[in-house]
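Student: I would like a close look at one part of this model. Please take me through the aromatic contacts there.
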Amino acid sequence: MNIIATILQLVGSLAFLLFGMKMLSDGIQKSAGSRLQAALGFMTGNRMLAFLTGLVLTFIIQSSGATTAMEVSFVNAGLMTVKQSVGVTLGANVGTTITAWLVVFFGFNFKISAFAVPIFGFGYIITLFKKWKKQALGEAIMGFGMLFIGLSWLSDTIDPDNGTLNFLRHFADFGAWSILIGIIVGMVITALIHSSSAETAIVITMAYNKLIPWEFAAALVIGSNIGSTIDAVLASLRSSANAKRTALVHVLFNVGVVLLVCIFFNPFLNLIDTIVPGTPETNITYHIAALHTVLKTIAAFLCLPFTGQIAWLMEKLVPEDPDATPTEYVFEFNETAGRENATSYIVRVEKEIQDMTVLVTKMFEGVSGGFKNRDDSFIDNIEELTRQEDFADQMKEQITKYLINCSHLPLSTHQIRSLSIMQQIVDELEEMTDDCYNVALLLKKSIDNKMEFAQEDMDRLEPYLDLARQSMYFVSTNINQHLDKDKLLTAKEIEAQIDVFRHNLKRVARKRLEAGANVKTELLYIDIVRKIEKFGDRAYSIANSLSEF
């Protein structure tokens, strides 16, 4: 019963520690909102700026997994190059070591557990005052308190006086094999809990309580480097070749670091012993934190001068995606890819919406060809238009599901509003593909029934189509961006011109009807005019939505 009670206490302590770290990260990200996106969007070709951005951003949000998942999403969306991402990855790896120092400084130098409950209570009080609009900050403070409550409970649970977990000491009795065992265990634990910072905090606590010796603790921390790559790998699944290259940088860098340290294990530990005052036995927590920092800092600065060469190597290792157009749309919400990182999810869905506007553009241009060549060649193109329209339906369905899942993430008020706007835009884009397809069917019907339109009537449609094209390209150019009043006015002017054209074209068609023209032909012509006008209306509706971003 004592063993069962200890295990339950251990699980509960770990849960508090992990949930506290997640709550802290979520609160910071909700407070920062789109400013995190702007921080990564500030990237330039300057490798040092990229490095510092990755370092500072990871320090702020306390999660290298969140930074790298966000980074993969940016590369997938074309907002960052692979070369720029290399610098961010190196910075994120160094930034994640800050958590170990926080744990060492606050968790063991001060009796912060005595203040953890009041800190949690203070954070909760902040969340109660809605007028302050600081709920996210309150959650971050609550997470900070929970983190150290969990750390305190964990320390009490694995106290050697309990004797229950003393078997862990035996893992260090296998000579050189102990190092390999420690690396594998550290890798697996980090992959399971999705946090190298939390794994390092656990190792520091066990070492502080003398459950494991210095060498085995070092091996556990070194192994966490490989396990921490799991978020980047998962975020890159079903993404572009560049996104996979970005994730591969993270994996190869961390694996390379581990291999390098394994080769020079004892000299590296001697270096840490030289840098940190005191012996590992008397100052073990600082030794572990320093090992984590020095290891990643040295590796990062060795790689930083070669970001261009690393990006080139990734291009060779990961070939471009095949050009074949997919027949089935897949857009999954991966709950384990940067689970705590709401911004990366939003960037991913913005990329899909951008792709949807490209699909609308392709369909419109495909249908426009039918006005110039009303013959069998256009009828042959109907099959491709049918496939594209079906693909758009799949996009709407899966993006909608994705947006619903996103709504359960830790989001700022602005991000919640953005999700609603995105849903409206997706609905309108899908309706635009329906309009294109319906116009194509009307043109096919006119060809099948050998309907004849006067050349002057077709000539009148050209400027009308051009206006619809302008509205479409306006949306495509400004998608996922806030429209100011001037740009919205431009969209309104295009839509007004479309309305004037539609009115004039329908009036001319009605006059021909009154003059005895073919009823079916004229009614079909009016239907085409109406569908094109609907297309323009939807483009203007999207512009209105973008003005609310």
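Is Phe391 buried or exposed?

Tutor: This is a predicted model. Phe391 is buried, because its relative accessibility is 13% and the cut-off for buried is under 20%.

Now its surroundings. The whole structure holds eight aromatic pairs. In one of them, Phe391 meets Tyr329 edge-to-face. The ring centres are 5.5 Å apart, with 80° between the planes. This pair links distant parts of the chain. Tyr329 lies in the loop between helix H16 (307-317) and helix H17 (342-372). Phe391 belongs to helix H18 (residues 376-406). The two residues are 62 apart in the chain. Tyr329 is buried as well, because its relative accessible area is 6%, again under 20%.

Next comes a stacked pair, Phe331 with Tyr402. Here the centres are 4.1 Å apart and the planes make an angle of 25°. The angle counts as stacked because it is under 30 degrees. Phe331 sits in the loop between H16 and H17, and Tyr402 in helix H18, so this contact ties together parts 71 residues apart in sequence. Both Phe331 and Tyr402 are buried.

These residues belong together. Tyr329, Phe331, Phe391 and Tyr402 are among the members of one aromatic cluster, which also includes Tyr345.

Phe391 has a charged neighbour too. The charged end of Arg387 sits over the Phe391 ring, 5.9 Å from the ring centre. Phe391 thus has an edge-to-face contact with Tyr329 and the charged end of Arg387 over its ring.

Definitions and conventions. Residues are numbered from 1 along each chain as its sequence is written. This is a predicted model: local features need pLDDT of at least 70, side-chain atom pairs count only at pLDDT 80 or more; totals for chains, interfaces and linings use all residues. Side-chain values use heavy atoms; hydrogens and water are left out. Rings of Phe, Tyr and Trp (its six-membered ring) pair if their centres lie within 6.5 Å; planes under 30 degrees apart count as stacked, over 60 as edge-to-face and the rest as tilted. Helices (H or I, at least four residues) and strands (E, at least two) are DSSP runs, numbered from the N terminus. Buried means under 20% relative accessible area, exposed over 50%, partly exposed in between (1.4 Å probe, protein chains only). A charge sits over a ring if NZ of Lys or CZ of Arg is within 6 Å of the ring centre and within 35 degrees of the ring normal.
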